[in-house]
Each structure stands twice: as C-alpha cells, then as structure tokens.
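Trainee: Could we go through this structure together? I'd like to learn how the labels people use are backed up by values.

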Amino acid sequence: MSEVTRDLIGDHFLDLWSKTRARKPESDEEEEELPTELDPDSIAGGFAVVGPDRLSVRYPNVSLHDHDAGVVKANHAAPMKRMIYYFEIFVQNEGAKGRITVGFTTSAFNAHRQPGWEESTFGYNADDGLFYNGQTSREAFPTFTAGDTVGAGINYATRNFFFTLNGVMVAFFDKDIKGPVFPSVSVHSHFEEVLVNFGQRGFAFDLKAYEAEERFIIEEKIGDRVSVPQNADHGIVRSYLQHYGYGETLKHLDISLQSIMPSISAAPEDGASEEDTMYAFNQRRTLRQLINSGKIDETFSTLGMWYPQIIEGDSSVICFMLHCQKFIELVRDEKIADALWYGKSELAKFMNSSAFGDIAKDCSALLAYGQPKECFVGYLLGDSQRELVADAVNATILSTNPNMKDGSLCKYPALERLIQQVTACSLEKRSLKGGEGEAFRLSRHLNSTYKA
Amino acid sequence: MSLFWIVIRELAEIQAMATSKKVITRVEWEKKLNDVKVRKDDMNKLVMNFLVTEGYVEVAEKFRLESGTEPEIDLATITDRMAVKKAVQSGNVEDAIEKVNDLNPEILDTNPLLFFHLQQQRMIELIRNGKVEAALEFAQEELAPRGEENQSFLEELERTVALLAFEDVANCPVSELLDISQRLKTATEVNAAILTSQSHEKDPKLPSLLKMLIWVQNQLDKKASYPRINDISTAALEDSVV
C-alpha cells in the first residue's frame with residue numbers, strides 16, 4: 001500500500017508510545033472534580049460553623065425559630081460520570097433536638113433550611129426519619145442519633161438517591177433533580193455536631209460490594225435480552241491470533257476446536273477477511289519472534305530481504321522504532337559503550353525532529369541512570385516495549401497487502417474494533433443522556449468480579 | 001428520479017426529523033473510534049481469559065509463551081474442569097457427575113437445575129443407545145421425583161420421555177434433544193457452574209463484552225444515527241440507513 005498509509009500506521013504506534021510515556025488519566029472519569037471537604041462559604045446566615053479541617057460542622061447558636069437551620073454544602077458537586085457517588089456523615093453529637101439532615105442540594109439552593117424542605121433538594125432527617133423532597137414527606141424510616149453513621153448516595157444507573165444507616169441500605173428514591181447536586185448537611189439545634197467523610201476514610205457501608213452487585217444486575221439484564229451469534233467469540237479470538245501472528249497459539253486452538261466444533265475452523269464465513277488476516281502470516285510471525293528475542297539486527301536484515309520498502313530511506317517511524325529498540329537492547333545487555341556509539345550514529349538524526357525528538361530523548365535518558373529499570377524511563381526495558389515494536393512491524397507488513405480493502409484494518413484486529421465501538425457507543429449514549437452514569441471501560445470490565 | 005422514489009426519500013427525511021435523532025457521519029464516528037485507545041495487554045488479557053474459561057489449557061500455555069501474558073489462575077486447575085466438560089461432550093454423564101462431586105460436592109447440591117439437566121442428559125444417552133427399559137426406569141426413579149418438586153423440571157421431563165413415544169426419533173418434535181448441541185449445552189452449563197464455585201476464577205469476559213456491544217448499539221439507535229457493527233465476526237462498520 002501507499003507511503004501515506006504506512007505513515008498513518010507509524011503515527012498510530014508512535015501515538016500509543018507517547019501515551020505510555022505521558023501516563024495520562026485513562027478516561028474522563030478521572031478528570032471530574034470531586035467533593036473533598038465542606039465549603040464554609042456555602043453557609044447562608046451563619047447558622048453553621050465548619051471545623052478547621054473542613055470535615056466537620058456544628059450549630060453555633062441557640063435557635064429561636066424552626067427556620068434557622070445551618071446548611072453547608074461540599075466544595076464540589078457530586079461527580080456524574082460514574083455509576084454511583086456516595087458519602088457518609090457521623091453524628092458526633094445529636095444536640096438539643098437531634099434535627100440533623102443529610103442529603104443533596106443544587107447550587108442554586110441558598111436558604112437556611114434543611115435539605116429536603118425545598119424543592120430540588122433531598123434529605124434524610126435524624127429526628128423523624130422522614131425523607132424530604134420539596135415538600136413531600138414520605139413514610140417514616142429509622143431515626144438516627146449520636147454514634148450513628150449515615151450515608152447518602154446517587155445511583156446514576158437506576159436514577160435513584162439512596163441512604164444508608166450504619167452500613168445498611170435504608171431506602172432509595174427516584175432522583176428527578178436534573179443537573180449537578182451537592183452533598184449537603186444541615187444542623188438545626190444547639191450542640192449538634194457532625195463529621196463528614198468524602199471517602200478519605202473507609203465507609204461503614206460496603207460501597208464496592210454494592211457497585212459490583214449493581215453492575216452484575218445490569219449485566220444479567222442485558223444477558224437476558226440479547227443473544228450473540230453462536231461461536232462469534234471463537235471467530236474473534238482466531239482473527240486476533242491471525243492478525244498478530246501468534247502462530248503456535250492459533251495452531252493449538254484449531255486443534256482443540258476441531259474435536260469440538262468441526263464447523264468453526266474449516267470454512268470461515270467470510271473467506272475474504274480470512275485472507276486479509278492471514279496475509280504474510282509466517283513472515284509476520286517470524287519477525288515477531290525475532291523482535292521478542294531482542295534480535296534487532298536480524299530484524300533489519302530480514303525486513304530488508306522481504307519488505308525492503310518498509311525500511312527504505314531509514315527515516316520512517318518503523319525505522320525509528322527499530323533503531324530505538326536496538327539501542328534499548330544494548331542497554332539491557334549492559335553494553336553501554338556500544339549503546340553510546342549506536343545512539344550517536346543511528347539515533348542522533350532523529351533527535352531534532354519534532355515528531356521523534358521527545359521519545360528519542362527518553363531512550364538516551366536510559367544511559368544517565370545506574371539502575372535504569374527503576375527510573376521513569378524504565379518502561380523502555382520491559383517486554384511491553386518489544387511488543388509495541390513487534391505490533392508496529394506487524395501492522396506495517398499487513399499494509400503491504402495489495403488486496404487490502406480497508407487500510408485501517410492493518411492497525412486494528414476485529415476485537416479491537418469491537419472494543420472501540422462499544423466504548424464509543426457507550427460514551428455517546430451517556431452524552432446524549434445528560435452526561436450521567438458510567439461508560440464502558442475495558443480495564444474495569446476485565447477486573448470486575450461478582451459472586452452471586 | 002421517479003416520483004415514487006422522491007416521495008420515499010421525503011418520507012424518510014420527515015421520519016428522521018420526527019424522531020429527531022442526532023446524525024453522526026462516518027468520518028466523525030471513525031474519529032471517535034480512533035480516539036479510544038485500547039491497550040494491547042488488556043486485549044491479551046481478554047483473550048487469555050477466554051482460553052482459560054473455555055478450558056483450552058495447551059492453547060493458553062502457548063499464548064502465554066507467544067504473548068507474554070500471564071493467566072489469572074494456575075493452568076493445572078483447568079484440567080480437572082476440562083475432564084468434566086469432555087465427559088459430558090462424549091456422553092459419559094455418570095462419569096462427569098462423579099468427577100464434579102470429586103472436585104466439589106457442593107456444586108451439584110447448590111445447583112438443582114444443573115443436576116436435573118445432567119440427569120436428563122443421562123436419560124437421553126440411554127435412549128440414544130436403545131436402552132429403553134433402563135431409560136424408563138431411570139425416569140421413574142431419578143427424574144420424576146425432581147419433576148414433582150419443580151414445574152419446569154416436569155415439562156422438561158415430559159419432553160424427554162416423549163422421545164420414547166416416536167418410532168422415527170430423528171424427525172419427531174423433540175429430536176433436538178438427541179442432537180450433539182444438547183450435549184454441548186449441558187457441558188457449557190457444568191463448565192460455568194464449576195467456574196463459579198472456584199472462588200479465584202473470573203467469569204468469561206468476552207461473551208459479556210459482545211452482549212454489551214449489541215445492547216448498547218440497540219440503545220443508541222433510539223437516539224442517534226451512526227455507523228453500526230452488524231457483523232460481529234468481521235467488526236465491519238456499516239453506514240446506517242436513514
């Protein structure tokens with residue numbers, strides 16, 4: 001295929017490399033501001049006093065009217081780009097009348113009334129255990145007093161507010177308030193004092209278990225409503241192995257499948273795509289093995305024999321990556337003098353380029369450290385770096401396929417496209433739904449475990 | 001262009017406006033896709049998880065060597081589970097049940113539905129081998145009591161017994177019970193139950209990911225028009241038809 005495609009492929013892998021260096025947060029969920037403390041400026045009328053650590057609040061004066069509640073909000077609104085948000089309070093002192101209320105209010109809320117008394121606010125009250133929302137009070141729930149831990153949370157998946165008492169779920173209600181809401185606490189009589197926990201300490205309520213349970217319920221629901229074509233997963237795994245040239249694995253998988261499902265490995269449904277993924281399979285496999293063993297010189301000579309167009313000119317991204325890897329391998333083998341010489345003769349020409357300069361500097365930084373593995377560029381010495389280079393070479397060879405219909409297929413095996421699609425759809429769905437809730441994330445999906 | 005097609009197109013456009021779906025072009029969508037950076041080692045983990053939960057031990061071993069991915073559990077523990085799966089797939093249900101109980105007697109105790117399906121499979125195998133009398137006796141002694149406890153078991157039992165009523169089993173309404181796929185179904189069920197009972201196991205991630213994809217596309221269809229993946233095995237993007 002054309003030079004242009006090859007450059008695009010090269011850029012893609014260079015980009016992946018940059019992302020590893022930068023260690024950017026994985027997703028936008030990590031970029032939202034979180035409530036971390038109480039905001040004294042949010043108190044209207046001075047009917048509450050926040051402690052110096054901003055994690056406690058108490059009522060200052062003897063109240064005269066029922067109206068004079070001291071309400072304080074957290075410094076940030078509850079984050080929305082997740083499935084559940086939760087915080088807890090601990091009642092240090094129930095005071096004269098025990099009228100503490102905990103819940104959520106909007107940024108517009110600015111009165112000295114308990115969360116819940118006004119519309120668009122929601123609160124759980126210590127005194128009568130009633131939840132307030134606007135002006136509707138509901139059936140009574142347990143009251144709380146000194147020594148109790150009360151939690152308030154938002155479940156974006158089910159669109160509920162929920163409340164817990166001493167680690168046990170008490171109730172949940174429809175959340176029909178739109179827009180950001182602030183964790184809020186109010187105190188209403190002399191001596192009332194409350195400590196707040198925004199997650200800096202462990203919670204009494206097992207939030208992780210609750211999250212896992214909710215995710216499981218959602219997955220079960222989906223599982224019931226949706227069916228996947230038979231053996232689709234086997235086909236996807238095979239094409240993944242073909243794409244990356246994992247020959248031994250593929251061979252053994254086909255052997256295993258033969259005995260169970262003769263139909264699967266015999267004739268794939270789409271003959272054309274199988275040709276694409278199997279293109280130059282043995283060559284790609286050989287080159288991967290060479291790179292994984294650190295034999296970069298041989299990699300260069302083999303490429304020169306089979307695909308000279310890839311390394312022609314010695315200036316492409318692939319050449320750059322291979323030269324870097326050669327350098328890295330020399331450092332690995334502790335051949336420092338050789339590495340220095342190699343760096344000067346082969347890497348130097350890349351140093352001034354805007355595209356490669358920063359990365360090349362990472363490589364040369366390896367020489368500066370006595371224990372290169374432990375420094376910030378230590379990742380270069382790992383197997384994953386070899387794998388990155390092998391993947392780049394793999395994709396570039398795939399791009400030389402004259403029958404290749406879709407250039408982007410060189411970069412991505414079907415599995416990757418599926419993951420991208422489910423992530424993109426999930427993000428789009430969330431943004432069309434007011435930006436609330438958690439979107440699909442592969443790393444979370446991989447780590448979730450739940451025992452029913 | 002004929003009047004007919006002009007009208008069709010107008011109607012389609014009115015339809016699109018009426019449902020007011022957001023339209024995302026191919027180019028825009030490809031950019032969103034490319035912005036999702038998938039880590040190679042996450043994909044490797046997904047594949048390894050697949051191989052391990054399906055029980056392909058040698059394949060997992062090869063994959064570990066070729067890709068450097070570590071399996072989440074000790075591969076040796078998979079062989080026990082695979083022995084059970086193979087026994088069911090070859091129709092040796094009694095052997096499979098014995099092996100499951102050797103692994104963990106609680107599995108069948110806590111899974112009445114699974115146990116019933118295994119017993120049902122046993123009966124199917126007896127019928128397949130022409131041991132009609134033994135099959136009937138088995139049904140009366142082992143399956144009927146279960147059927148009395150549970151309505152849906154009873155229905156399944158009746159379906160299985162029905163096999164005996166037909167001369168031409170291959171063409172009767174319940175012939176699918178004799179099919180290999182029925183054995184596979186039971187084998188998958190047993191496999192899943194063993195996986196669940198082994199507390200250090202993780203559940204199969206790839207199938208749930210695929211389901212999630214189908215589901216989220218269906219959900220997004222209600223609000224937007226965008227390129228879909230309709231064929232999971234090729235993952236090819238198809239432009240949506242308005």
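Trainee: What makes R183(B) and E125(B) a salt bridge?

Mentor: This is a predicted model, so everything here is computed from its atoms. The side chains of R183(B) and E125(B) meet with 2.9 Å from N to O. A salt bridge needs a Lys or Arg nitrogen within 4 Å of an Asp or Glu carboxyl oxygen, so the pair at 2.9 Å qualifies.

Trainee: Why would such side chains pair at all?

Mentor: Because side chains of opposite charge can pair when their charged atoms come close.

Trainee: And what does the pair R183(B) and E125(B) tie together?

Mentor: R183(B) is in helix α11 (residues 180-197) of chain B, and E125(B) is in helix α8 (residues 112-128) of chain B, so the pair links parts that are 58 residues apart in sequence. Both R183(B) and E125(B) are buried, too.

Trainee: How do you know that a salt bridge joins the two chains at E387(A) and K40(B)?

Mentor: Look at where the partners sit. E387(A) belongs to helix α13 (residues 383-398) of chain A and K40(B) to helix α3 (residues 40-54) of chain B, so the pair joins two chains. Their N to O distance is 2.7 Å, and the limit is 4 Å, so the name salt bridge fits.

Trainee: Why are E387(A) and K40(B) called buried?

Mentor: Buried means under 20% relative accessible area. E387(A) has 13%, so it passes. K40(B) has 13% as well, so the label holds there too.

Trainee: Which residues are joined into one network with E387(A)?

Mentor: Salt bridges that share partners connect R288(A), E387(A), D391(A) and K40(B).

Trainee: How many salt bridges does a search of the whole structure find?

Mentor: It finds 34 over all chains. Among them is E37(A) with R54(A), whose closest N and O atoms are 3.6 Å apart. That is within the 4 Å limit, so this pair counts. E37(A) lies in the loop between α1 (3-22) and β1 (38-39) of chain A, and R54(A) in the loop between β2 and β3 (56-58) of chain A, so the contact ties parts 17 residues apart in sequence.

Trainee: What makes E37(A) and R54(A) partly exposed?

Mentor: Partly exposed covers the range between 20% and 50%. E37(A) comes out at 26%, so it belongs there. R54(A), at 34%, gets the label for that reason too.

Trainee: Is E334(A) buried or exposed?

Mentor: Exposed means over 50%. E334(A) has 65% relative accessibility, so exposed is the right word. You'll find E334(A) in the loop between α10 (317-332) and α11 (336-351) of chain A.

Trainee: How do you know that R430(A) is buried?

Mentor: Its relative accessible area is 5%, and the cut-off is under 20%, so R430(A) is buried. R430(A) lies in helix α14 (residues 414-432) of chain A.

Trainee: What makes the link from R430(A) to G437(A) a polar contact?

Mentor: The side chain of R430(A) reaches the backbone oxygen of G437(A) at 2.9 Å. A polar contact allows up to 3.5 Å between N or O atoms, so this distance fits.

Trainee: Now the strands. Why are β2 and β12 of chain A called edge strands?

Mentor: Start with the sheet: seven strands, open, in the order β2-β3-β14-β5-β10-β11-β12 (chain A), with antiparallel pairing. β2 (49-50) and β12 (168-174) of chain A each pair on one side only, and that is what makes them edges.

Trainee: How do you know that β5(A) pairs with β14(A) and β10(A)?

Mentor: Two strands need at least two bridges to count as paired. β5 (residues 84-93) of chain A has five bridges to β14 (residues 193-197) of chain A, so that pair passes. With β10 (residues 149-155) of chain A there are seven, so that one does too. For instance, F90(A) has L195(A) as its bridge partner in β14(A), while Y86(A) has G153(A) in β10(A).

Trainee: What makes β5(A) mostly covered?

Mentor: Seven of its ten residues are buried.

Note on methods:
Residues numbered from 1 in each chain as written. Chains lettered and ligands numbered in written order. Predicted model: local features only at pLDDT ≥ 70, side-chain atom pairs only at ≥ 80, totals over all residues. Heavy atoms only, no water. Helix = DSSP H or I, 4+ residues; strand = E, 2+ residues; numbered from the N terminus. Buried < 20%, exposed > 50% of the residue type's maximum accessible area, 1.4 Å probe, protein only. Polar contact = N/O pair within 3.5 Å; in protein donor to acceptor, adjacent residues only side chain to side chain.
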